[in-house]
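Reader: I would like to learn how to read helix packing and a nonpolar core from a set of coordinates. Please take one example and go through it step by step.

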Amino acid sequence: MDGMDAEFEQLITDIGPRLRTLRRDRGLTLEALSEVTGVSVSALSRLESGKRRPTLDLLLPLARAHRVALDQLVGAPATGDPRVHLTPSRRKNGSAVVPLTRYPGRVQVFKQVIGPRPPKLVTHAGYEWLYVLAGDLRLILGANEVLLHPGEVAEFDTAEPHWFGPADEQVVEILHLFGPQGEKAHVRTKAKTTTAQDLVPES
């Protein structure tokens with residue numbers, strides 16, 4: 001029993017730092033998270049620092065706000081759950097990458113939280129497909145520039161010089177598919193300043 005008690009206490013201890021990491025990865029302040037969840041700033045701060053013991057009435061609104069399952073929030077071991085639980089890789093400026101698949105040589109799927117960063121065009125073999133979950137995504141593709149909002153999709157040949165990131169100083173969340181093959185895409189746009197843009201595959 002002592003071993004089980006120790007394991008349980010470690011799970012409880014790890015919740016605070018995990019909550020802090022999730023909040024920072026999304027670029028949220030305690031005040032902003034408090035507005036979304038209805039949990040006071042003081043309670044959130046004490047929860048993250050481990051000074052307040054987590055309870056369901058605190059964890060449930062936080063799980064909804066961060067769009068994660070409750071078992072991921074508490075780090076509970078899997079018990080026959082078929083879902084994949086993978087660890088985010090944190091980057092600079094509040095960015096994070098969560099790999100959703102691990103199939104070398106096939107389409108790779110990631111969830112990305114991208115923080116503000118300067119544009120830097122790159123090229124490489126393959127093609128990419130981007131779906132905006134939250135925030136606004138700025139995409140530079142060759143001589144074209146587009147702005148994508150939540151629910152909008154872009155796909156393009158990565159042999160074309162490209163860059164994508166937040167359109168402003170807020171983080172943007174996307175689903176990112178990268179594969180070795182695919183149709184080349186072209187940009188349908190009237191002007192660089194147009195905000196409603198589509199990237200559609202060539203027929």
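Reader: At what angle do the axes of helix α2 and helix α3 cross?

Author: A caution comes before the case: this is a predicted model. The axes of α2 (residues 30–37) and α3 (residues 41–49) cross at roughly 115 degrees and come within 9 Å. Angles of 65 to 115 degrees count as roughly perpendicular, and α2 and α3 are therefore roughly perpendicular to each other. The crossing of α2 past α3 is right-handed.

Reader: Which residues make the contact?

Author: From α2 they are L30, E31, L33 and S34, and from α3 they are V41, L44, S45 and E48. Sorted by class, this contact has 4 nonpolar, 2 polar and 2 charged residues.

Reader: Is E48 buried or exposed?

Author: The cut-off for buried is under 20% relative accessible area. E48, which lies in helix α3, has 5% relative accessibility and so counts as buried. Leaving out residues up to four places away in sequence, E48 touches G16, P17, L19, R20, R23 and L30.

Reader: How do α2 and α4 pack, and at what angle?

Author: Their axes are 9 Å apart, at an angle of about 105 degrees. That makes α2 roughly perpendicular to α4. On the α2 side the residues are L33, V36 and T37, and they meet P61, L62, A65 and H66 of α4. The contact of α2 with α4 has 5 nonpolar and 2 polar residues, and no charged ones.

Reader: What is the general idea behind a nonpolar core?

Author: In soluble globular proteins, nonpolar side chains tend to be buried together. In this model, the largest nonpolar core has 18 residues, of which I15, L19, L44, L59, L62 and L73 touch the most other members. At least two residues of this core come from each of α1 (2–25), α2, α3, α4 (56–66) and α5 (70–74).

Reader: Which helix supplies the largest share of this core?

Author: That is α4, with 5 residues.

Reader: What is L62 in contact with, leaving aside its neighbours within four places in sequence?

Author: L62 is in contact with L19, L33, T37, L44, L47 and L73. Another core, of 13 residues, lies apart from the largest one; L139, L141, L148 and F156 are among its members.

How values were computed:
Residues are numbered from 1 along each chain as its sequence is written. This is a predicted model: local features need pLDDT of at least 70, side-chain atom pairs count only at pLDDT 80 or more; totals for chains, interfaces and linings use all residues. Side-chain values use heavy atoms; hydrogens and water are left out. Axes are lines fitted to C-alpha atoms, for helices over the stretch in contact, and angles run from 0 to 180 degrees between N-to-C directions. Helices (H or I, at least four residues) and strands (E, at least two) are DSSP runs, numbered from the N terminus. Angles under 35 degrees count as roughly parallel, over 145 as roughly antiparallel, 65 to 115 as roughly perpendicular and the rest as oblique. A crossing is left-handed if the near helix is turned anticlockwise from the far one by less than a right angle, and right-handed if clockwise. Contact means heavy atoms within 4.5 Å. Ala, Val, Leu, Ile, Met, Phe, Trp, Tyr, Cys and Pro count as nonpolar, Asp, Glu, Lys and Arg as charged, and the others, Gly among them, as polar. A nonpolar core is a set of buried Ala, Val, Leu, Ile, Met, Phe, Trp, Tyr and Cys residues joined through side-chain atoms within 4.5 Å. Buried means under 20% relative accessible area, exposed over 50%, partly exposed in between (1.4 Å probe, protein chains only).
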